[in-house]
Amino acid sequence: MLRGICYLSSATRPFDEAALEGLLSESRRNNAHSGVSGVLLYADGDFLQYLEGPSAAVDETMLRIRGSRRHRGLRVLLDEPIEQRVFADWWMGLARPTRSHFLALSSASWKRAAAAARQPGSMPPGLVLLEEFWSGQAGSTAR
Ligand SMILES: Cc1cc2nc3c(=O)[nH]c(=O)nc-3n(C[C@H](O)[C@H](O)[C@H](O)COP(=O)(O)O)c2cc1C
C-alpha cells in the first residue's frame, strides 16, 4: 500500500544553501534506497515536506525525520493511503517558495471533503496546490 504524508516544521537554525544541499543529498540517498519520493520546501526557516511511498518505508523515513535535531515543531497535515505517486520522478525535490506561496500551501486544506475522499484518485486541495506550484517551477531545481 502506498501512503502520502505532508508535514510542517521549523529549522532549529536557519539553513543556508550548503546546509540544504547536504540535507537533500542524504535524504535522496535514503529515499532512493527505500522507494520514497516527494518534495521539500524551505522558506525563511520553515519546512513543508511531502513524502510518498510504501507505508513501511514512509514510517521508517518519518522516524528518521522526527529524530532530527535540525528542526522542531513537526506538525502532520496529511497522512493517508494514496493510489499513485504525485512526485514519482523525485527522490526528494527541493524548492524555495516565496513566503506568500509557502503560506498558501501551509494553510491550504489537506483534508479531502468526505464525498471527494470516496472518489478514487482524488487529491486534497493542499496536494493539488503543491503539485501546481511544483509543475510551475520545476526545471529550475536539479533532481
Ligand atoms: C527537514 C528535514 C527533511 C528530511 N527529509 C528526509 C528524507 O526525505 N529522507 C530521509 O531519509 N531523511 C530525511 N531527513 C532526516 C535526515 O536525512 C537525517 O537522517 C537526520 O536529519 C539526522 O538527524 P540530525 O539532523 O539530528 O543529524 C530529513 C531531516 C530534516 C530536518
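This passage describes an annotated domain, the surroundings of a ligand and a contact between two helices in a predicted model.

The domain comes first. An unreviewed UniProt entry places the feature "domain: BLUF" at residues 2-93. Over residues 2-93, helix accounts for 33% of the chain and strand for 42%. The C-alpha atoms at the two ends of this stretch are 19 Å apart.

The ligand is considered next. There are 17 residues around the ligand. Asn-31, Arg-64, Ser-68, Arg-69 and Arg-70 come nearest. Asn-31 places a polar side-chain atom 2.8 Å from a nitrogen atom of the ligand. Oxygen atoms of the ligand also have polar partners in side chains. For Gln-49, a polar side-chain atom lies 3.1 Å from a ligand oxygen atom. For Arg-70, an N or O atom of the side chain is 2.6 Å from an oxygen atom of the ligand.

The last topic is a pair of helices. Helix 3 spans residues 99-106, and helix 5 spans residues 125-137. Their axes come within 9 Å and cross at roughly 150°. Angles over 145 degrees count as roughly antiparallel, so helix 3 is roughly antiparallel to helix 5. On the side of helix 3, the contact is made by His-101, Ala-104 and Leu-105. Helix 5 contributes Gly-126, Leu-129, Leu-130 and Phe-133. By class, 5 of the residues in this contact are nonpolar and 2 are polar. The contact of helix 3 with helix 5 has no charged residues.

Conventions:
Residues are numbered from 1 along each chain as its sequence is written. This is a predicted model: local features need pLDDT of at least 70, side-chain atom pairs count only at pLDDT 80 or more; totals for chains, interfaces and linings use all residues. Side-chain values use heavy atoms; hydrogens and water are left out. Axes are lines fitted to C-alpha atoms, for helices over the stretch in contact, and angles run from 0 to 180 degrees between N-to-C directions. Helices (H or I, at least four residues) and strands (E, at least two) are DSSP runs, numbered from the N terminus. Angles under 35 degrees count as roughly parallel, over 145 as roughly antiparallel, 65 to 115 as roughly perpendicular and the rest as oblique. Contact means heavy atoms within 4.5 Å. Ala, Val, Leu, Ile, Met, Phe, Trp, Tyr, Cys and Pro count as nonpolar, Asp, Glu, Lys and Arg as charged, and the others, Gly among them, as polar. UniProt positions are given in the numbering used here, feature names are shortened, and annotations may be inferred rather than shown by experiment. A residue is near a molecule or strand if one of its heavy atoms lies within 4 Å of it. A polar contact is a pair of N or O atoms within 3.5 Å; within protein, one must be able to donate a hydrogen and the other to accept it, and residues adjacent in sequence count only if both atoms are side-chain atoms.
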